[in-house]
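Here are some notes to read alongside the model, written for someone coming to it fresh. Keep the viewer open as you go.

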Amino acid sequence: MPEGLGTEKEGIEAGFSSFTPAPGFLKVDLFPINIPRCSHCVVSMSRQPSNSGKTRGHNQQASTTGSNDLASLFECPVCFDYALPPIMQCQSGHIVCHSCRQKLSMCPTCRGPLGNIRNLAMEKVAMTVLFPCKYSTNGCPVTLLHTEKSEHEETCECRPYCCPCPGASCKWQGSLEQVMSHLVQSHKSITTLQGEDIVFLATDINLPGAVDWVMMQSCFGQNFMLVLEKQEKIDGLQMFYAIVQLIGTRKQAENFAYRLELSGHRRRLTWEATPRSIHDGVQSAILSSDCLVFDTNIAQLFADHGNLGINVTISLC
Ligand SMILES: [Zn+2]
Ligand SMILES: [Zn+2]
Ligand SMILES: [Zn+2]
Ligand SMILES: [Zn+2]
């Protein structure tokens with residue numbers, strides 16, 4: 001739906017709440033963040049039997065040095081990522097990673113033909129080597145077997161954060177500490193309201209096509225992004241998805257609960273949940289309807305002249 005994206009982009013900039021802008025946006029205190037620690041790896045390490053003889057962990061770096069040296073043997077000469085099984089080699093024995101191999105017509109090391117030779121010995125060694133996480137340069141101390149690597153990297157706390165604005169228009173990535181200043185600099189039109197109990201007013205909900213309404217709410221020393229997304233389904237039905245995400249880690253988000261409420265004449269529709277971390281983003285939650293979901297008819301029941309007010313309450317839990 002490339003057409004939808006275009007409208008979506010406009011939606012972010014133009015479709016936000018027209019509520020009186022709070023003066024506090026620039027004054028919002030950025031909360032202190034500790035140097036990212038990988039909570040996932042602690043879990044994954046504790047799964048290892050302690051008598052396995054394989055040492056791994058934050059305080060066992062010295063003993064994995066040998067393993068890191070071994071890991072460097074698997075470095076792809078083109079992208080410096082690791083060449084992991086199935087490991088293919090050229091006729092002279094040089095290896096190249098799977099994704100680079102698909103783009104190459106000859107060996108990048110000796111320019112010989114790439115052929116179709118598998119290096120089973122390297123593959124066997126790869127099974128015993130602990131590879132550093134892809135985000136080790138961002139401070140992740142974890143080393144893992146290659147079979148556990150991609151699963152960890154998907155949830156790694158050191159993975160860069162993407163811009164939390166919905167839609168695909170902003171390609172920004174950076175650390176958690178930089179997210180708020182990015183929003184202030186690049187998404188100036190987003191309104192911020194202070195307080196734990198506010199009204200998120202989405203104006204012109206009858207605008208055609210896919211539209212996002214975005215607003216910031218700051219309370220408890222944290223910043224939350226409220227998102228209302230309208231999607232047009234294939235059958236012409238329009239669906240609304242409302243959700244709150246914390247500008248913070250998954251762990252921080254677990255300390256909060258949010259409630260979204262539509263209220264109208266003798267009617268009330270409420271949704272309560274844990275805010276999403278912007279590390280996870282809202283799209284997967286929207287896809288699985290893990291948010292406040294309603295259709296156009298329901299929106300009309302609660303809207304006033306095309307404007308829909310959603311009561312948002314954030315609480316500590
Ligand atoms: Zn490569
Ligand atoms: Zn070669
Ligand atoms: Zn990691
Ligand atoms: Zn952005």
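The points below cover two metal sites, a record entry and a surface patch.

1. A word before you start: this is a predicted model, so please read everything below in that light.

2. Begin with the zinc ion (ligand 1). Cys 76, Cys 79, Cys 97 and Cys 100 coordinate this ion, each through its SG atom, at 2.3 to 2.4 Å. The angles that the four donor atoms subtend run from 102 to 114°, so the arrangement is tetrahedral. For reference, the ideal angle for four tetrahedral donors is 109.5 degrees.

3. Now look at how those donors sit along the chain: the spacing reads C-x2-C-x17-C-x2-C. Cys 79 is in the loop between α3 (61–72) and β1 (88–89), while Cys 97 is in the loop between β1 and α4 (98–101), so this pair ties together parts 18 residues apart in sequence. As for cover, Cys 79 is partly exposed at 35% relative accessible area, whereas Cys 97 is buried, with 5% relative accessibility.

4. What does UniProt list for residues 76–111? An unreviewed entry there gives "domain: RING-type" for this span. In the model, 11% of residues 76–111 is helix and 6% is strand, and the C-alpha atoms at the two ends are 15 Å apart.

5. Next, the zinc ion (ligand 4). Which protein residues are its donors? They are Cys 163 and Cys 170, through SG, plus His 182 and His 187, through NE2, and they lie 2.0 to 2.2 Å from the ion. The site is tetrahedral, with angles of 100 to 122° among the four donor atoms.

6. The donor residues of the zinc ion (ligand 4) follow the spacing C-x6-C-x11-H-x4-H. Here the pair Cys 170 and His 187 links distant parts of the chain, 17 residues apart. Cys 170 belongs to the loop between β5 (161–162) and β6 (173–174), and His 187 to the loop between α7 (176–186) and β7 (192–194). Are these two buried or partly exposed? Cys 170 counts as partly exposed at 24% relative accessibility, but His 187 counts as buried at 5%.

7. Last, turn to the surface. Leu 70, Leu 73 and Val 125 make up a nonpolar patch there, and their accessible area together is about 230 Å². Val 125 is part of helix α5 (residues 120–126). With a relative accessible area of 32%, Val 125 is partly exposed, and because a patch takes in residues with over 30%, that value is enough for the cut-off.

Notes: Residues numbered from 1 in each chain as written. Chains lettered and ligands numbered in written order. Predicted model: local features only at pLDDT ≥ 70, side-chain atom pairs only at ≥ 80, totals over all residues. Heavy atoms only, no water. Patch = residues over 30% accessible without salt bridge, like charges linked within 9 Å, V, L, I, M, F, W, Y side chains within 5 Å. Areas by Shrake-Rupley, 256 points an atom, 1.4 Å probe, with all protein chains shown as cover. Salt bridge = Lys/Arg side-chain N within 4 Å of Asp/Glu carboxyl O. Helix = DSSP H or I, 4+ residues; strand = E, 2+ residues; numbered from the N terminus. Buried < 20%, exposed > 50% of the residue type's maximum accessible area, 1.4 Å probe, protein only. Donors = N, O, S within 2.8 Å, 3.2 Å for Na, K, Ca; no water. Tetrahedral: all angles 85-135°; square planar, octahedral: opposite > 155°, others 65-115°. UniProt positions renumbered as here; feature names shortened; annotations may be inferred.
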